[in-house]
Protein chains: 2
Amino acid sequence: MTTKLSITAALLVIGDEILSGRTKDVNIGATADFCTDLGIELKEVRVVSDETDDIVAALNAVRERYTYVFTTGGIGPTHDDITADAVARAFSVALPINAEARAMLETRWQNTGTEVNEARLRMARIPEGADLIVNAVSAAPGFRIGNVHVMAGVPIIMRSMLEAIAPTLQTGRKVMSETIKAAVGEGTVGGPLGALQAQYPDVKMGSYPQMGANKVMTELVLRSSDEARLREAAAKVREMVAREHAKAGITPPE
Amino acid sequence: MTTKLSITAALLVIGDEILSGRTKDVNIGATADFCTDLGIELKEVRVVSDETDDIVAALNAVRERYTYVFTTGGIGPTHDDITADAVARAFSVALPINAEARAMLETRWQNTGTEVNEARLRMARIPEGADLIVNAVSAAPGFRIGNVHVMAGVPIIMRSMLEAIAPTLQTGRKVMSETIKAAVGEGTVGGPLGALQAQYPDVKMGSYPQMGANKVMTELVLRSSDEARLREAAAKVREMVAREHAKAGITPPE
């Protein structure tokens with residue numbers, strides 16, 4: 001048994017465009033994959049609108065509760081980019097122009113012949129005490145303050161920022177999984193699977209019907225950070241599925 | 001001016017498979033589009049794990065606050081399908097086998113030669129006082145209790161349930177939008193757009209950089225339920241964009 005503590009996270013997706021349906025979010029899935037790969041348990045996601053009060057309330061609700069908070073969206077140069085303001089308010093700190101951020105942006109602007117103006121300088125406003133998260137794509141940095149990591153909403157930038165912060169994060173016990181396919185419905189395996197779940201409380205068992213497949217098909221996914229227990233539980237689930245296949249006169253799918 | 005009240009909603013996406021990254025959610029985008037089409041403002045989305053306490057807490061946090069709550073996921077036949085239990089607990093009501101739900105399921109099971117068992121009958125457990133939401137795809141119904149609409153997580157079923165409840169929902173003032181393309185960066189239009197936003201507080205102006213496009217491109221999206229004000233503001237934004245194009249010596253993109 002390892003004694004490493006569990007590392008948890010929440011994601012805050014900030015933006016009216018997600019809530020209106022205009023933009024279809026892909027950052028939730030990317031963050032979920034990122035966390036799973038690092039052994040960080042993503043426990044909650046919230047999508048909130050571009051309203052300072054809503055962002056502050058959501059931030060304060062999750063930052064006390066989890067090891068890490070990630071946010072995406074709202075760090076561009078326009079009036080609706082208010083994430084930095086909301087984070088500064090949540091932490092009760094000032095939001096000055098950050099010299100390092102300004103230098104990063106001005107270097108990029110010089111290279112591209114881009115005019116420096118007040119709107120663009122909004123992107124150099126960083127809450128006092130925060131560290132910058134570099135943005136290899138468009139230079140405008142994200143930042144980390146306390147356990148909150150503020151990143152861009154544009155997926156390609158967001159993923160590059162996740163890569164940038166990965167080495168700075170505590171990683172948890174890696175959760176391993178086994179997937180077992182059953183050629184019978186969820187309702188057939190539901191009873192015996194529930195009984196096995198009760199025997200293996202440390203192995204989380206999920207059941208996912210495969211709709212639209214040619215035949216009835218259910219994927220059973222077992223997850224645990226204890227490999228021996230996972231293997232043992234998976235063997236029991238495989239036996240159970242084989243019994244149900246035999247009862248139904250089905251040749252196993254693979 | 002119309003005096004129709006604004007109709008709001010929250011969506012609760014329930015399921016470990018979304019938080020682990022195993023399943024990439026598409027119900028958020030579908031619900032956002034659905035709400036926008038009906039003039040319902042989707043104000044918040046939360047993704048929570050398959051833990052009864054977490055579901056109850058999230059439900060109670062949002063159901064007081066918005067006109068409607070929609071949930072997806074966790075209404076199947078296996079032990080990890082606990083949404084009905086959580087909703088019953090949030091509303092402090094019992095969770096008996098519902099005769100109408102049982103009849104719907106048994107009719108389907110007779111037609112498909114499916115055995116009735118305890119796991120399958122879990123899907124007929126409906127909180128006392130709830131109305132059923134029919135499921136044309138796989139028969140297992142969702143339900144509505146108070147302002148909470150409990151739907152399946154499988155996208156095709158979820159969308160059919162949204163269609164089923166649409167006629168029962170109050171619709172709000174339809175929000176119209178205009179999209180204006182600028183061939184300059186967000187940082188260029190940011191200042192003048194902010195000034196126009198201040199002049200038109202009733203027209204919500206968003207700015208979205210188009211990354212990966214061949215040239216720099218920014219989409220400005222104006223949204224309002226007041227058509228005249230929307231048209232007026234859009235004309236002003238178009239003039240502003242034309243000025244910025246002229247300054248930059250750019251021929252407008254379309």
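**Exercise 1. Two helices of chain B**

Helix 2 of chain B crosses helix 7 of chain B in a right-handed sense. The model is a predicted one. Describe how helix 2 and helix 7 of chain B lie to each other, and list the residues of their contact.

*Solution.* Step 1: take the axes. Those of helix 2 (residues 27–38) and helix 7 (residues 155–165) of chain B come within 10 Å, with a crossing angle of roughly 20°.

Step 2: classify the angle. Angles under 35 degrees count as roughly parallel, so helix 2 of chain B is roughly parallel to helix 7 of chain B.

Step 3: list the contact. Helix 2 of chain B contributes B:Asn27, B:Ala30, B:Thr31 and B:Phe34, while helix 7 of chain B contributes B:Pro155, B:Met158, B:Arg159, B:Leu162 and B:Ile165.

Step 4: sort by class. Six residues of this contact are nonpolar, two are polar and one is charged.

**Exercise 2. Two helices of chain A**

Work out whether helix 3 and helix 4 of chain A are roughly parallel or oblique to each other, and describe their contact.

*Solution.* Step 1: the axes of helix 3 (residues 52–63) and helix 4 (residues 83–90) of chain A come within 9 Å and cross at roughly 50°.

Step 2: the two helices of chain A are therefore oblique to each other. Their crossing is right-handed.

Step 3: on the side of helix 3 of chain A, the contact residues are A:Thr52, A:Asp53, A:Ile55, A:Val56, A:Leu59, A:Asn60 and A:Arg63; they meet A:Ala86, A:Val87, A:Arg89 and A:Ala90 of helix 4 of chain A. By class, this contact holds six nonpolar, two polar and three charged residues.

**Exercise 3. The sheet of twelve strands**

Give the strand order of the open sheet of twelve strands and find its edges.

*Solution.* Step 1: the order is 4(A)-5(A)-6(A)-3(A)-1(A)-2(A)-2(B)-1(B)-3(B)-6(B)-5(B)-4(B), with mixed pairing.

Step 2: strand 4 (131–133) of chain A and strand 4 (131–133) of chain B each have a single partner strand and stand at the edges, so one side of each lacks a neighbour in the sheet. Between neighbouring strands the average turn is 20°, direction ignored.

Step 3: look at one pair. Strand 3 (residues 68–72) and strand 6 (residues 148–151) of chain B run parallel and are joined by four bridges. Within strand 6 of chain B, B:Val148 stands opposite B:Val69.

Step 4: add a helix. Helix 4 (residues 83–90) of chain B packs on the sheet and touches strand 1 (7–14), strand 3, strand 5 (142–145) and strand 6 of chain B. The direction of this helix makes about 10° with that of strand 5 of chain B.

**Exercise 4. The sheet of three strands**

Describe the open sheet of three strands in chain A and the helix lying across it.

*Solution.* Step 1: the strand order is 7-9-8 and the pairing is antiparallel. Strand 7 (176–182) and strand 8 (204–209) of chain A are the edge strands, each pairing on one side only.

Step 2: seven bridges link strand 7 of chain A to strand 9 (residues 218–224) of chain A. One bridge pairs A:Met176 with A:Ser224 of strand 9.

Step 3: helix 9 (residues 227–247) of chain A lies across strand 7, strand 8 and strand 9 of chain A, at about 5° to strand 7.

**Exercise 5. The two copies**

State how chain B is superposed on chain A.

*Solution.* Step 1: a rotation of 180° with 0.0 Å of shift along its axis does it, with an RMSD of 0.0 Å. The copies are thus related as by a two-fold rotation axis.

Step 2: in chain B, the residue closest to the rotation axis is B:Arg46, at 2.2 Å (C-alpha).

Step 3: both copies use the same surface, as 100% of the contact residues of chain B recur in chain A.

Technical notes. Residues numbered from 1 in each chain as written. Chains lettered and ligands numbered in written order. Predicted model: local features only at pLDDT ≥ 70, side-chain atom pairs only at ≥ 80, totals over all residues. Heavy atoms only, no water. Pairing = 2+ DSSP bridges. Axes fitted to C-alpha atoms, helices over the stretch in contact; angles between N-to-C directions. Contact = heavy atoms within 4.5 Å. Parallel < 35°, antiparallel > 145°, perpendicular 65-115°, else oblique. Left-handed = near helix turned anticlockwise from the far one by under 90°. Nonpolar A, V, L, I, M, F, W, Y, C, P; charged D, E, K, R; others polar. Least-squares fit on C-alpha atoms with pLDDT ≥ 70 in both.
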